[in-house]
Amino acid sequence: MGKGNVLILLATFNRAHLIVETLRSIQNQTYADFQCLITDDRSTDNTKEIVERFCKTDERFKYRLKPKSYPSGLSATRNFGLDLAQELNADFIQLFDDDDIMHPLKLELQLMPLLQKDELDMTLCAYRKFKDKEIIQFDLDKANDNSCNVRTNDLLKSFYLNKLSLNSCGPIWRFKTIRKYRFHEDLFYDEERNFYLRILVHEKIQYKPVDEILFWYRKHPLGITSNLYGDKGNQIKKESLRLSHLHFFREVLSLRNPPFYLLKSFSKKAMRNNDVEQIQLLKEHLLKTLWAYDLRKWILLLLISGYRIIIYK
């Protein structure tokens, strides 16, 4: 892949009835130098036939069936795509979903700043939600009503506190910035938030916000969790949220000087949920790094926990 080529990684599962609309929105991009890999999580409907038929009309689109060496689930499907991106030595990565819609100018408006400034790691655009059968007007509107904030001076803090609109379809990444990261494959919900939090806590990301609304996020009853797991969806969602929180804070606690607001948040959640594993992690971290902390901060953590951290068995 040459400089300026963007690789779109489109993960799919059982979206034969929706995916062509998504593919056409990608095909209609004004920036034409892209390749789109559709990675299929072994769909049980006719997604394969639909996508392969579409690929024959445009050589920029390639269908890839996820091998059985990867487990089921969106996280593993995205990882399959990221592994393919490694093999292709991609310059830029756009993750996208199989039921969402791109504005025709998405790639052009977000890629140009990355091509002009080598120090930029990512560009981030605004978005809107839409319902099935709703007609999208491709006007170039700005999200100026605070419903989709893409501007901040502190990416990690704003994203962690849900004050920044960062999701899978919004950013275009310089691949070298994120190439060592992968999605946790034991997560079936909250996987993208966990992925981005881990990147932001370890990398000093330079980004450019793009205020224009450049993609539409489809809201419909057959979301990933309910579609894949049926009645077990709520239980799986709850456990994935717990694991996501745990995975992220393992990363936070590995830092030499983790942000204190994150330690406070971790302490509160661990105590509120009476999570033995999380409390033990925090206890071990505090005892190991006591010498490095401002005493006032250490005392505050003890007060938050009701001193349970140091007495917890």
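A search for disulfides across the whole of this predicted model returns 0 of them. Cys-36 offers a helpful first example: the closest cysteine sulfur to its own belongs to Cys-55, and at 7.7 Å that is too far for a bond, given that a disulfide calls for sulfur atoms within 2.5 Å. Cys-125 is likewise in no disulfide, with the sulfur of Cys-148, the nearest from another cysteine, lying 7.5 Å away. Cys-36 is buried, at a relative accessible area of 0%, and Cys-125 also counts as buried, with a relative accessibility of 0%.

Cys-55 leads on to helix H2, which spans residues 47-55. Here Cys-55 is buried together with Thr-47, Ile-50, Val-51 and Phe-54. These residues sit on the same side of H2, because the arc they cover around the axis is only 135 degrees. As a rule, an α-helix has 3.6 residues a turn, so residues three or four places apart point the same way. The cover over the buried residues of H2 includes two strands that precede it in numbering, S1 (6-12) and S2 (34-40), along with helix H1 (19-27) and strand S3 (61-65).

Further along the chain, helix H7 (residues 191-202) meets helix H9 (residues 233-253), their axes coming within 10 Å and crossing at roughly 10 degrees. The two helices are therefore roughly parallel to each other. On the H7 side, the contact involves Asn-194, Leu-197, Arg-198, Val-201 and His-202, while H9 contributes Ser-244, His-247, Phe-248, Glu-251 and Val-252. By character, the residues of this contact comprise 4 nonpolar, 4 polar and 2 charged.

Methods: Residues are numbered from 1 along each chain as its sequence is written. This is a predicted model: local features need pLDDT of at least 70, side-chain atom pairs count only at pLDDT 80 or more; totals for chains, interfaces and linings use all residues. Side-chain values use heavy atoms; hydrogens and water are left out. Axes are lines fitted to C-alpha atoms, for helices over the stretch in contact, and angles run from 0 to 180 degrees between N-to-C directions. Helices (H or I, at least four residues) and strands (E, at least two) are DSSP runs, numbered from the N terminus. Angles under 35 degrees count as roughly parallel, over 145 as roughly antiparallel, 65 to 115 as roughly perpendicular and the rest as oblique. Contact means heavy atoms within 4.5 Å. Ala, Val, Leu, Ile, Met, Phe, Trp, Tyr, Cys and Pro count as nonpolar, Asp, Glu, Lys and Arg as charged, and the others, Gly among them, as polar. Buried means under 20% relative accessible area, exposed over 50%, partly exposed in between (1.4 Å probe, protein chains only). The arc is that of the directions from the helix axis to the C-beta atoms.
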